[in-house]
Amino acid sequence: MSADYAVHGDVAVITLNNPPVNGLGLASRQAFMQGLDQAIADPAVHAIVVTGAGKAFSGGADIKEFGSPKALQEPNLLNLIVALENCPKPTVAAIHSVAMGGGLELALGCHYRVAAPGTDVALPEVKLGLIPGAGGTQRLPRLIGVEAALNMIVSGEAIKSEMLAMLPGQQLFNEMATSKDSLLEEAMAFAKGVVGTSPLPKVRDLPCKHPNADAFFKFSTNMVNGMTKGKYPAPLKCIEAVQNATKMKFDQGMLAEREIFINLMWTPECRALRHLFVAQRAASKIDDVPADSPKREIKSVAVIGAGTMGGGISMNFLNAGIPVKILEMKQEALDKGIAIIEKNYQSQVNKGKLKEDKFKQRMALLSTTLNYEDLADADLVIEAVFEEIGVKEQVFKKLDEVMKPGAILASNTSTLDVNAIAHFTQRPQDVVGLHFFSPANVMKLLEVVRGSATGKDIMATVMDVAKKIKKTAVVSGVCDGFIGNRMIEQYSRQAGFLIEEGCTPQQVDKAVETFGFAMGPFRMGDLAGNDIGWAIRKRRYQEKPNMKYSKTADLLCEQGRFGQKAGKGWYDYQAGKRDAIPSKEVEDMIAKHRTSLGITARKISDEEIVQRLVFSLVNEAAFILEEGIAARASDIDMVYITGYGFPIYRGGPMNYADQFGLFNVIQAMKRFAQNPHDDAQFWQPAPLLARLVAEGKTFN
Ligand code: NAD
């Protein structure tokens, strides 16, 4: 049963019971309606309390039902709410813990609402590219005022019930309960007190006015336009729907809300956001490692290396209240690393993002050492030393010697073989890759690299740790570059060819940024340091002598144009500034190189630029999927959204390819293969991609 029914004296209590958050799927709605019918029919029942079991009042609609016939099957949510509103006996929502989306809208259909303090109240539909679709945009403004309601609806953010209860003139909560524990009792007492009230109050009958409506909605529209830059349709539609509430009769406003909701549902942006919502949850699951697998306890962490990555990695654990001990070879390196951590925190304090006492608490959790013996008791050690296999060997042999049995030994390597690293120790089952992204204290992505020997309990533990430090963990198998960097290498190769064929760096960057990437490949190279890619390419020239590369980036590096840190890269930079200024020197260098190759520059469309870059990711990803390096296409989307600045509203490269049509992707690839300056071999569709097209299927 997904809703329980009970009668206490003359009050019926209908309790949504569909863990974890009492989602309003079809079975819940049916059971709820049955309870309501029963309460209405029972002459001994004089009032009805509606609540939720366990950890939520209700988290809202069941997202898995979205777009499926089940979502519309009766009783649909709208009709359930109408039934509550028209109920001849008083209905009281007893709200606690979480009241979101459809859950909140259900409560707004009740005649009265009693809330427990600490309840998270939200209409978060905008985060899925939608507007509230079951009356939220029409009822909430009538209860808390147009401005407060619009803020909640446009942001989708949760507000605590006690804050809402303080809004002047609010009618959302008729009463605040003393606590969650006493909520039901207090709501039942409230219900008894309103028995016999006539007529019963309906939110729909309340006025919805703003003293300065036109100016307010114009201001809101400008704000939203400034923030979304036309990329997200839903926030503007939220404004339209709430504005309707101030202009239209209730029923008309409801119809308009429904129409907007349905139109948004099939926009690419909404589909992308819904896809990512599901992808995010899927990524934390490992098929052969069930959620209840035994885990090791991680109460302290050691980090080897206090460089760029070691410092950032340490901050993640300090932020989560987990003590960290950093080891370095020399005191100066330790001092330098600690100073940077301190500076980072200090700048957060200066910006008002971190309280001084929190800063002190975090720094107090940090200690340093030059001796491996001091690390022995750590539950997890993460190595972030130079990217050289010999250095890694030294470090892991030493760790194997000193670390207590059961400690997890992790490497932050971005390119080296995690299996080889594991076998530098006598305990390969305890070794795992934890590939953080730079800056490690900021970037959400964590690639968890599962070695062939890595134990299941280790996987379960590190996935759990990732959650504690608020990372999006995606599991990758062992291969060069893992999921993200293996794909980006193909993208960078394409960027190189585009330059040789006639593009300027700024043209490529602009096309990609207009598509929605946070940064184009050349600005990105300048930020990360062009020497990193150079080092990788030098290795590739040895490993894959037949692979075609553009040499432009090598010429750039030979001139010391390593990027922002050198004050010059693909662009010029003024001292202390990060603005990328197109460089005449680079332009001349490219032109000279082009001539030496006998290429006549041609005009390349933005469409071609974007397709070559994005589809190069997609084709490589198809190999990665087929090889089992990634478990699901949606995991690859999460990697690109959280680690590489892929536009969220496009849902990641695989979702984008699915929506573009895989048949069309292959057609484009065939065209690219005809280009004599490109790599025809690379554009042969990966077998998986070809198969999906032949079978009329998609990645996701
Ligand atoms: P870095 O040069 O900034 O820092 C490395 C630190 O390790 C230095 O402080 C050095 O003194 C110390 N070190 C070297 N050998 C040591 C040893 N034997 N014992 C103790 N300390 C030692 O390098 P980084 O950018 O922080 O990279 C570290 C690791 O993280 C590499 O494996 C790299 O591939 C990986 N990584 C880097 C990035 C990035 O963007 N920089 C991103 C992901 C992963």
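Here are some exercises with worked solutions on this predicted model.

**Exercise 1. Classify two aromatic pairs.**
Take the rings of tyrosine 491 and phenylalanine 517, then those of tyrosine 541 and tyrosine 549, and work out which kind of pair each one is.

*Solution.*
- Start with the total: the model has 18 aromatic pairs.
- For tyrosine 491 and phenylalanine 517, the centres are 5.8 Å apart and the planes make an angle of 45 degrees, which puts the pair in the tilted class.
- Now place the two rings. Tyrosine 491 belongs to helix α19 (residues 482–501), while phenylalanine 517 is in the loop between α20 (505–515) and α21 (521–528). With these positions 26 residues apart, the pair links distant parts of the chain.
- Buried or exposed? Tyrosine 491 and phenylalanine 517 are both buried.
- On to tyrosine 541 and tyrosine 549: here the centres are 5.4 Å apart and the planes stand at 80 degrees. Planes over 60 degrees apart count as edge-to-face, so that's the label for this pair.
- The two partners differ in cover. Tyrosine 541 has a relative accessible area of 23%, so call it partly exposed; tyrosine 549 comes in at 10% and is buried.

**Exercise 2. Follow tyrosine 491 into its cluster.**
Which residues form one aromatic cluster with Tyr491?

*Solution.*
- Begin with the partner we already have, Phe517, which is in the cluster with Tyr491.
- Then add Phe515, Phe615, Phe646, Tyr656 and Phe660, and the cluster is complete.

**Exercise 3. Find charges over rings.**
Look at arginine 274 and lysine 548: over which ring does each one lie?

*Solution.*
- The charged end of arginine 274 is over the ring of tryptophan 266, at 5.3 Å from the ring centre.
- Lysine 548 is over the face of phenylalanine 497, and the distance to that ring centre is 5.9 Å.

**Exercise 4. Rule on the cysteines.**
How many disulfides does the structure hold, and what is the situation of cysteine 238 and cysteine 270?

*Solution.*
- The disulfide count is zero.
- Check cysteine 238: its nearest cysteine sulfur belongs to cysteine 270 and is 11 Å away. A disulfide needs sulfur atoms within 2.5 Å, so this one doesn't qualify.
- Turn it round and cysteine 270 gives a matching answer: its nearest cysteine sulfur is that of cysteine 238, again 11 Å away, and cysteine 270 is in no disulfide.
- As for cover, cysteine 238 has a relative accessible area of 0% and is buried. Cysteine 270 is also at 0%, so it counts as buried too.

**Exercise 5. Lay out the domains.**
Into which domains is the protein divided, and what distance separates the centres of domain 1 and domain 2?

*Solution.*
- The assigned bounds are 3–264 for domain 1, 301–476 for domain 2 and 484–695 for domain 3.
- Taken over C-alpha atoms, the centres of domain 1 and domain 2 are 44 Å apart.

**Exercise 6. Map the ligand site.**
Which residues come nearest to the ligand, and what polar contacts can you find there?

*Solution.*
- There are 22 residues around the ligand, and those that come nearest are Met309, Glu328, Glu387, Lys392 and Ser414.
- Glutamate 328 uses its side chain: an N or O atom there is 2.5 Å from a ligand oxygen.
- Asparagine 412 also offers a polar side-chain atom, 2.8 Å from an oxygen of the ligand.
- Valine 385 works through its backbone instead, with a polar atom 3.3 Å from a ligand oxygen.

**Exercise 7. Check the unusual backbone angles.**
Where are the cis peptide bonds at proline 20 and proline 199, and what is phi at serine 97 and phenylalanine 482?

*Solution.*
- Proline 19 and proline 20 are joined by a cis peptide bond with omega about 5 degrees. Proline 20 is in the loop between β2 (11–16) and α1 (26–41).
- Serine 198 and proline 199 share another cis bond, omega about -5 degrees. Look for proline 199 in the loop between α8 (183–194) and α9 (213–228).
- Serine 97 isn't a glycine, yet its phi is positive, near 60 degrees. Serine 97 lies in the loop between β4 (91–95) and β5 (98–100), and at 18% relative accessibility it counts as buried.
- Phenylalanine 482 has a positive phi as well, near 50 degrees. Its place is in helix α19, and with a relative accessible area of 0% phenylalanine 482 is buried.

How values were computed:
Residues numbered from 1 in each chain as written. Predicted model: local features only at pLDDT ≥ 70, side-chain atom pairs only at ≥ 80, totals over all residues. Heavy atoms only, no water. Phe/Tyr/Trp six-rings, centres within 6.5 Å; stacked < 30°, edge-to-face > 60°. Helix = DSSP H or I, 4+ residues; strand = E, 2+ residues; numbered from the N terminus. Buried < 20%, exposed > 50% of the residue type's maximum accessible area, 1.4 Å probe, protein only. Lys NZ or Arg CZ within 6 Å of the ring centre and 35° of its normal. Domains from an automatic or database assignment. Near = heavy atom within 4 Å. Polar contact = N/O pair within 3.5 Å; in protein donor to acceptor, adjacent residues only side chain to side chain.
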